[in-house]
Amino acid sequence: MTDRFDCYYCRDNLHGKKYVKKDEKHVCTKCFDKLCANTCAECKRPIGADAKELHHKNRHWHEDCFRCAKCYKPLASEPFIARDDGKIMCGKCSSREDGNRCQGCYKVVMPGSQNVEYKNKVWHEECFTCFECKQPIRTQSFLAKGDDIYCGPCHDKKFAKKCFKCKQPIQSGGISYQDQPWHSDCFKCSTCSKPLAGTRFTSHENHAYCVDCYKTDVAKKCHGCKNPITGFGHGTNIVNYEGFSWHEYCFNCKKCCLSLANKRFVISGEHIYCPDCAKKL
């Protein structure tokens, strides 16, 4: 004959049933919820046998009720602060309320201790660290990106534009050319290495040239006046014919000086003529 296994309160047989052991007593879930369950410190309702329960310093909560009193963030698996007024808060909200808690570890910053103040917030000196390398900033300069703090080298590595020429970060200044960033000192003439920032320059086949080098080494020479066709100022328009180039204003009849741009012409030797003058030759 099987021994009886009863609920301490209602004497209901517990064989094959769910039960709770409370103070060395076996209690059915119905009696537990009615007579033994702790009251949630937040919602004031019983914490039933089937509910997940959290406790701290003789106070009890449903798992879903254990939230920051300020921002309502769930704290079941997060660090929290139990305030003297009975409120449970996440570290960030508690530090905002108290005004003297470290923004890094959320512990109290004791008066006289080494600390860092920035934007009305305070950190222990060792807690004021770079978001990227995690090293304390201490006396280094730093930069902020949103709510994150970076030491100078990490900020440059992560966010600074890289010079198209030397691939190093551009910390300040710089110029943009062909949608690419450059250090001012790196943007030089491809021939003579003269710095081009703030000066007139032109490009040819993705290379930049100062005006003098472009005229000397790159620009086509006018078949008429033998001077470079640079495109700067007067002489922008060009006439090309059978491998030769002219300034538009140089493309004139050799005999009557009539401009032959966009007109019929005759070439005799190295010279060009209008049709009428060509007949008289």
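How many nonpolar, polar and charged residues does the lining of the largest pocket have? The lining has nine nonpolar, four polar and seven charged residues. The model examined here is predicted.

The largest pocket has a volume of about 550 Å³. Its lining comprises 20 residues. Closest to the pocket centre are Gln103, Trp123, Asp147, Asp148 and Ile149. Helix α2 (91-98) supplies at least two residues of the lining. Strands β8 (121-124) and β10 each do so as well. Empty space of this kind is revealed by rolling a probe the size of a water molecule over the atoms.

Strand β10 (148-151) also takes part in the packing of helix α3. This helix spans residues 152-159. Its buried residues are Gly152, Cys154, His155 and Asp156. They pack against β9 (142-145) as well as against β10. In an α-helix there are 3.6 residues a turn, so residues three or four places apart point the same way.

Two strands further along the chain form a hairpin. Strand β15 (residues 238-241) pairs with β16 in the antiparallel sense. Four bridges link the two strands. In one of these pairings, Val239 has Trp246 of β16 as its bridge partner. Two residues lie between the strands of the hairpin. There, Glu242 takes a positive phi near 50 degrees. In a regular strand, side chains alternate between the two faces of the sheet.

Strand β16 covers residues 244-247 and includes His247. His247 has a relative accessible area of 4%. His247 is therefore buried, as this value falls under 20%. The His247 side chain also reaches the backbone oxygen of Pro228, at 3.2 Å. This distance is within the 3.5 Å limit for a polar contact.

Positive phi values also occur in two loops. Tyr106 lies in the loop between α2 and β7 (115-118). Its phi is positive, at about 65 degrees, although Tyr106 is not a glycine. Lys134 lies in the loop between β8 and β9. Lys134, likewise a residue other than glycine, has a positive phi near 65 degrees. The relative accessible area of Lys134 is 52%. Lys134 therefore counts as exposed, because the value is over 50%.

Key
Residues numbered from 1 in each chain as written. Predicted model: local features only at pLDDT ≥ 70, side-chain atom pairs only at ≥ 80, totals over all residues. Heavy atoms only, no water. Buried < 20%, exposed > 50% of the residue type's maximum accessible area, 1.4 Å probe, protein only. Polar contact = N/O pair within 3.5 Å; in protein donor to acceptor, adjacent residues only side chain to side chain. Contact = heavy atoms within 4.5 Å. Pairing = 2+ DSSP bridges. 1 Å grid on protein atoms, 1.4 Å probe; cavity = no way out; pocket = protein on both sides within 12 Å on 5 of 7 lines; lining within 4 Å. Points joined across faces, edges and corners; volume = space filled by probe spheres on them. Nonpolar A, V, L, I, M, F, W, Y, C, P; charged D, E, K, R; others polar.
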